[in-house]
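Work through the exercises below with the sequence and the model open. Try each task before reading its solution.

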Amino acid sequence: MLELAFASLAWRSAPMPGAGPVEMALLPRLPDSGFRAFVRFPAGWSRPDRGHYAVPEEFLVLEGELSLNGRNWKAGDLAWVRAWQLRRDLQSAPGCLVFAWFGGTPRWLPGAPAARPGDGPAHRTSIEGRELVRLLPGAVRETLNLDDYTWRATPA
């Protein structure tokens, strides 16, 4: 079992293509090759550039608000953004903290996608009581405690 307490995470400044930096705490890679991180967006942060990722993204807003493509997510909201989906107007006026999962290495690709070969790996995510629960291929249960943000990965 892997377990990381939120208070023990190592935070670093991370560049965001087309925008100013964010603060990021990376989590260990699991056998599904997903990219997991806590990301803190400062108040007033925005990325007006249009672009996309070749992998899907799922994020849970833990604190604050985040807007993308004209839609606004608040604390407690879970979002799924498919691979190759055009992204525009990412911003956080009040600032926010999110838990983000990408279905592989996220590489920002400027402009509209030329192709959409697929949406990426299958997953099952739910919020059960005070935990975000993901059942991953390969029988791994990944949980995020929504009270203290402790992250765990255990065999299912």
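The exercises go from single residues to ring pairs and then to enclosed space.

The model is predicted, so local features need pLDDT of at least 70 and side-chain atom pairs count only at pLDDT 80 or more, while totals for chains, interfaces and linings use all residues. Residues are numbered from 1 along each chain as its sequence is written, and side-chain values use heavy atoms, with hydrogens and water left out.

**Exercise 1. Place H52 and decide whether H52 is buried or exposed.**

Step 1. H52 belongs to strand β6, residues 51–52. Strands here are DSSP runs of E with at least two residues, and helices are runs of H or I with at least four; both are numbered from the N terminus.

Step 2. The relative accessible area of H52 is 4%, so H52 is buried. The classes are buried under 20%, exposed over 50% and partly exposed in between, with a 1.4 Å probe and protein chains only.

Step 3. From its side chain, H52 reaches the backbone oxygen of G111 at 2.8 Å.

Step 4. With neighbours within four places in sequence left aside, the contacts of H52 include W84, R87, W108 and G111. Contact means heavy atoms within 4.5 Å.

**Exercise 2. Find which side chain makes a polar contact with the side chain of E57.**

Step 1. Locate E57 in strand β7. E57 counts as buried because its relative accessibility is 8%.

Step 2. The partner is R87, and the side chains make a polar contact at 2.6 Å. A polar contact is a pair of N or O atoms within 3.5 Å; within protein, one must be able to donate a hydrogen and the other to accept it, and residues adjacent in sequence count only if both atoms are side-chain atoms.

Step 3. Beyond neighbours within four places in sequence, E57 is also in contact with residues including W80, W101 and F102.

**Exercise 3. Treat two loop residues, G104 and P94: which is buried, and which is exposed?**

Step 1. G104 sits in the loop between β11 and β12 (109–110), and P94 in the loop between β10 (90–92) and β11.

Step 2. G104 has a relative accessible area of 8% and is therefore buried. P94, at 51%, is exposed.

Step 3. Leaving aside neighbours within four places in sequence, G104 is in contact with R29, S33, G34, F35 and V55. On the same terms, P94 is in contact with A43 and E65.

**Exercise 4. Describe the aromatic pairs F6–W11 and F35–F102.**

Step 1. The structure holds 11 aromatic pairs. Rings of Phe, Tyr and Trp (its six-membered ring) pair if their centres lie within 6.5 Å; planes under 30 degrees apart are stacked, over 60 edge-to-face and the rest tilted.

Step 2. F6 and W11 are edge-to-face, at 5.8 Å centre to centre with 75° between the planes. W11 is partly exposed, at 26% relative accessibility.

Step 3. F35 and F102 have ring centres 6.1 Å apart and planes at 70°, so this pair is edge-to-face. The pair links distant parts of the chain, with F35 in strand β4 and F102 in strand β11, 67 residues apart. Both F35 and F102 are buried.

Step 4. Ring pairs also link F6, W11, F38, F99 and Y149 into a cluster.

**Exercise 5. State which residues lie closest to the centre of the largest pocket and which residues line the largest cavity.**

Step 1. On a 1 Å grid over the protein atoms alone, a cavity is a set of points where a 1.4 Å probe fits but cannot get out; a pocket is an open set with protein on both sides within 12 Å along at least five of seven lines, and lining residues have an atom within 4 Å of a point. Points are joined across faces, edges and corners, and a volume is the space filled by probe spheres set on them.

Step 2. The largest pocket holds about 370 Å³ of space. Of its 23 lining residues, M16, M24, Y53, F102 and P106 are the closest to the centre.

Step 3. The largest share of that lining, four residues, comes from β7.

Step 4. The largest cavity holds about 30 Å³. Its lining is E58, F59, L60, L78, F99, W101, L132 and R134, with β7 giving the most, three residues.
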